[in-house]
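Morning, everyone. Please have the sequence and the model open while I talk. I'll keep this brisk.

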Amino acid sequence: MTRRMKVVGLGGSLASPSNSLAALRIALEGATEMGAETELLDIRELSLPMYAPDMTDVPDSVHRLCQAVREADGLLWSSPLYHGTISGSFKNALDWLQLLSDREPAYLTDKVVGLISTAGGTQGLQAVNTMEFIVRALRGWAVPLVIPIPQAWRVFDKEGHTHDEKVTEQLHSLGREVARAAVRFSSQALTTPDAQRAEAQIQPISEEEAEGP
Ligand SMILES: Cc1cc2nc3c(=O)[nH]c(=O)nc-3n(C[C@H](O)[C@H](O)[C@H](O)COP(=O)(O)O)c2cc1C
């Protein structure tokens with residue numbers, strides 16, 4: 001029997017209501033349609049402290065974030081566009097994924113990620129592009145379909161609903177795509193030890209990696 005895929009949505013902002021959270025919820029519906037188990041990690045609800053490398057008393061919210069990401073076969077990330085890039089609170093959540101450096105294989109190796117951004121203006125792709133760099137740095141695989149939502153204030157109401165069927169369908173497609181890709185990625189380890197070694201030499205993320213074997 002094949003294992004049920006898990007798709008974890010991480011996103012939203014400290015704003016309430018949050019357009020990026022609304023978009024994320026809709027994308028997760030697409031993953032559910034494909035039979036995936038889903039979990040939503042709302043940045044506002046998580047209320048994470050600022051990442052500090054030497055923090056000893058790490059709060060439960062950080063453990064919850066890292067555990068959910070560890071368990072995930074696929075991820076959906078959704079950030080607002082802030083000053084031409086992702087928001088500080090979203091980046092801070094991703095900084096906490098440094099705790100996955102001890103995962104074997106490290107960070108997001110062999111996990112697929114779908115990317116969403118919401119913007120007030122006519123662009124959103126800058127935030128998506130930033131997220132794509134981070135996916136790569138964390139050794140993950142971004143699916144080619146991305147959903148930048150311009151003028152999000154036109155798209156979502158205060159309850160986080162949208163009447164824009166095109167956006168709804170695009171977000172559902174992304175959720176389905178991530179769930180579908182997760183099935184393929186989980187069927188075999190795609191990243192070889194060889195590639196992992198080379199990656200660690202080129203772009204070490206942890207001190208351990210920088211020191212080498
Ligand atoms: C601090 C701040 C910076 C922003 N910067 C941009 C920007 O550079 N370009 C843009 O199109 N929209 C910008 N916006 C608008 C947000 O991207 C937009 O309102 C988004 O939908 C907010 O998502 P949220 O409701 O999840 O916070 C900014 C909003 C804030 C609060």
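I'll go through the ligand shell, then one helix, then the backbone, then a few single residues.

One thing to say up front. This is a predicted model.

Let's start with the ligand. How many residues surround the ligand? The count is 18. The closest are S13, S20, P80, G120 and G121. Please find those on your screens.

What is the shell made of, by class? It has 7 nonpolar residues and 11 polar ones. Charged residues are absent from the shell.

Now, which elements feed into that shell? Helix α1, residues 19-33, supplies at least two of the shell residues. Strand β3, residues 74-82, also supplies at least two.

Let me stay with α1. Is α1 mostly covered or mostly open? Mostly covered: 12 of its 15 residues are buried. Among the buried ones are N19, S20, L21 and A22. S20 is worth a second look, as one of the closest residues to the ligand. R25 is on the buried list too. So are G30 and A31, further along α1.

Does the length of α1 add up? Let's check the arithmetic. α1 has 15 residues, and at 1.5 Å a residue it should span 21 Å. The C-alpha atoms at its two ends are 22 Å apart. The two values agree.

What comes after α1? α1 is followed by G35. The phi of G35 is positive, near 90°.

Next, the partner of α1 that I want to show you. That is helix α7, residues 165-187. α1 and α7 pack at an angle of about 50°. Their axes are 6 Å apart. That angle makes α1 oblique to α7. As for handedness, α1 passes α7 in a right-handed crossing.

While we're on α7, look at V178, which lies in that helix. Is V178 buried or exposed? V178 is buried, because 33 other C-beta atoms lie within 10 Å. Now compare its place in sequence and in space with that of R4. V178 and R4 are 174 residues apart in sequence. From C-alpha to C-alpha, they are 13 Å apart in space.

On to the backbone. There are two cis peptide bonds to point out. Which residues does the one at S16 join? It joins S16 and P17, with omega about 0°. P17 sits in the loop between β1, residues 6-11, and α1. The other cis bond runs from E104 to P105, with omega near 0°. P105 is in the loop between α4, residues 88-96, and β5, residues 112-118.

Now positive phi outside glycine. H83 is not a glycine, yet its phi is positive, about 50°. Where is H83? It lies in the loop between β3 and β4, the latter being residues 85-86. H83 is exposed, because there are 8 other C-beta atoms within 10 Å.

D110 is another such case. Its phi is positive, about 65°, and it is not a glycine. D110 is found in the loop between α4 and β5. That is the loop that also holds P105. D110 counts as partly exposed, with 16 C-beta neighbours inside 10 Å.

Last stop, three more residues. Back to G120, one of the closest residues to the ligand. G120 lies in the loop between β5 and α5, residues 125-137. Why does G120 count as partly exposed? Because 15 other C-beta atoms lie within 10 Å, and partly exposed falls between 12 or fewer and 20 or more. G120 and A15 are 105 residues apart in sequence. In space, their C-alpha atoms are 14 Å apart.

Then I134, in helix α5. I134 is buried, with 20 other C-beta atoms within 10 Å. Buried needs 20 or more, so I134 meets the cut-off. I134 and L94 are 40 residues apart in sequence and 8.3 Å apart in space, C-alpha to C-alpha.

Finally D60, in helix α3, residues 60-71. D60 is exposed, with 9 other C-beta atoms within 10 Å. D60 and L46 are 14 residues apart along the chain. Their C-alpha atoms are separated by 9.2 Å.

To recap: 18 residues surround the ligand, and α1, mostly covered, helps supply that shell. Thanks.

Methods
Residues numbered from 1 in each chain as written. Predicted model: local features only at pLDDT ≥ 70, side-chain atom pairs only at ≥ 80, totals over all residues. Near = placed C-beta within 6 Å. Helix = DSSP H or I, 4+ residues; strand = E, 2+ residues; numbered from the N terminus. Nonpolar A, V, L, I, M, F, W, Y, C, P; charged D, E, K, R; others polar. Expected span 1.5 Å × (residues − 1). Axes fitted to C-alpha atoms, helices over the stretch in contact; angles between N-to-C directions. Parallel < 35°, antiparallel > 145°, perpendicular 65-115°, else oblique. Left-handed = near helix turned anticlockwise from the far one by under 90°.
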